[in-house]
Amino acid sequence: MAGPVLSLKGLGKRFGASPVFSGVDLDVASGDRIAIIGASGSGKSTLLRCINFLERPDEGRVILGGEPVGEARQRGGGTEMRYDERALNRLRQRVGMVFQQFNLFPHMTVIANVMEGLVTVKRIARDEARPKALAELARVGLADKAEAYPAHLSGGQKQRVAIARALAMEPEILLFDEPTSALDPALVGEVLNTIQSLAEDGRTMLLVTHEIGFAYHMATRVIFLAEGGIYEQGTPDEVLKAPRRPLTQAFIAGHRRFNF
Amino acid sequence: MAYRWDFAPILDNWQALAAGIAGTLRLFLVCLVLGLGFGLLVALMRIARQRPLRWLAIGFIEFFRNTPVLVQILWFYFALPMLVSVEISPFMAAILGISLNSAAYSAEINRGGIQSIEPGQWEAARSIGMSGFQTLRRIVLPQALRRVLPALTNRGIEIFKMTTLASVVAYVELLHQGKLVASLNFNPLEVYTVVGALFFLILYPLVRATYALERRLARSD
């Protein structure tokens, strides 16, 4: 059996003197869908951003496809990690990310947004990249918007384009950072449906979300972050239906309160 | 007694004024390209990660923003050749003074534009594996330059008008030629009126062209 696609070993991040989280260990197997939940400020997004090094972790290691990222060097009694910029650029090609605020490139058409990584990073010829980008747009149901600019799309459509942009790079793992938190309630469904269809394709993904109901149906595993680390984890039924520890119980109860 | 306007001496000297227009345009084009181009370079140095580059850029910007262009032109023309044995033509002195001053101003404009681009744009580009330089070239600069185009247009207008300062070192441009014609024919009223009008007639269509450019770039809004 193949090893994990992604492993985090003792990962930690501080902002200044205050730690966000520390000692996070996580193994992600191919096809895993991991929902990361927790209160605001629990470090969910920061953890996700440490995986593709939009934030540099301060301790621990990220291991992608069995290869540790960065080099450990002995320095003054401790080990210090050194990360090569080009190695990080290569890593980011393999780890797709979808942002809360979509972050589409506003000066480019929808198709150009999806083609950008193929052309600029993977150096694929335009006439070859275009049909591939169109196929990704078709997958998220937006092939007819190829020539539109992002400003003319709804929030839900923007997020689906952002998903297509990430998919075009054929990443091994997809990271979703609160992908529906910036959307009108009426537009949440179309984005969740898109993510659901990716889940059905067997894609490996980590999803930071406040949509507990969606996490329950979509995830193979749920991680609850609190007190600077993984506080509780398990299957959706375990963590969301029958949480064992007090902070998880309070968090889930708080979310259940207005459900009927 | 009412003044009798007489434009005949100006028409007789049209060749002198035409030479002046040619000199003005030549100086303008060189200073526009050098000033705005160098301004972008200085802006990138100003936000570079390397501290010495930043200091160099800040020193350059503050020095050239806080001294008058007229003084700079005179300094390059009269003082620099005394320090180093180089021959400085009036054209060269004017280029140095106007371009470097414009570079200092447009560097700050460009820096503001670059820094106004949301961090999410950098992150999105980096997240698909683009390098810092690719992100700058493909994602950040195209958006930043569009935002600062009105301010850069202003710089361009200023550069055009600053070319008249080159007359102090006897560079052949429109104002210099106008002075010459006026002093030969004792008709400053007509000459300076015509000189002013000529500046407007050249500059206004150029400014209109930048509006068209702005509209073209606004297609994606």
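**Exercise 1.** Is B:Phe186 buried or exposed?

*Solution.* The model is predicted. Start with the location: B:Phe186 sits in the loop between helix H8 (174–185) and helix H9 (188–217) of chain B. Next, take the count of neighbours: 9 other C-beta atoms lie within 10 Å of B:Phe186. The cut-off for an exposed residue is 12 or fewer. B:Phe186 is therefore exposed. As a last step, look at the backbone: phi of B:Phe186 is near 50°, a positive value in a residue other than glycine.

**Exercise 2.** Find where A:Glu227 lies, and classify A:Glu227 as buried or exposed.

*Solution.* A:Glu227 belongs to the loop between strand S11 (221–226) and S12 of chain A. Within 10 Å there are 11 other C-beta atoms, so A:Glu227 is exposed. Its phi is near 50°, which is positive although the residue is not glycine.

**Exercise 3.** Describe the open sheet of chain A that contains S8 and S12.

*Solution.* First, list the order: the 6 strands run S8-S9-S10-S3-S11-S12, with mixed pairing. Second, find the edges: strand S8 (95–98) and strand S12 (229–234) each pair on one side only. Third, give the twist: neighbouring strands are turned by 20° against each other on average, direction ignored. Fourth, examine one pair: strand S3 (residues 33–38) and strand S10 (residues 205–208) of chain A pair in the parallel sense over 4 bridges. A:Arg33 has A:Met205 in S10(A) as its bridge partner.

**Exercise 4.** How many residues of chain A are in contact with chain B?

*Solution.* The contact involves 21 residues of chain A and 18 residues of chain B. On the chain A side, helix H2 (85–94) and helix H3 (110–121) each supply at least two residues. By type, this side of chain A divides into 9 nonpolar, 8 polar and 4 charged residues.

How values were computed: Residues are numbered from 1 along each chain as its sequence is written. Chains are lettered from A and ligands numbered from 1 in the order in which they are written. This is a predicted model: local features need pLDDT of at least 70, side-chain atom pairs count only at pLDDT 80 or more; totals for chains, interfaces and linings use all residues. Two strands pair if DSSP finds at least two bridges between them. Axes are lines fitted to C-alpha atoms, for helices over the stretch in contact, and angles run from 0 to 180 degrees between N-to-C directions. Two residues are in contact if their C-beta atoms, placed from the backbone, lie within 7 Å. Ala, Val, Leu, Ile, Met, Phe, Trp, Tyr, Cys and Pro count as nonpolar, Asp, Glu, Lys and Arg as charged, and the others, Gly among them, as polar. A residue is buried if 20 or more other C-beta atoms lie within 10 Å of its own, exposed if 12 or fewer, and partly exposed in between; C-beta atoms are placed from the backbone.
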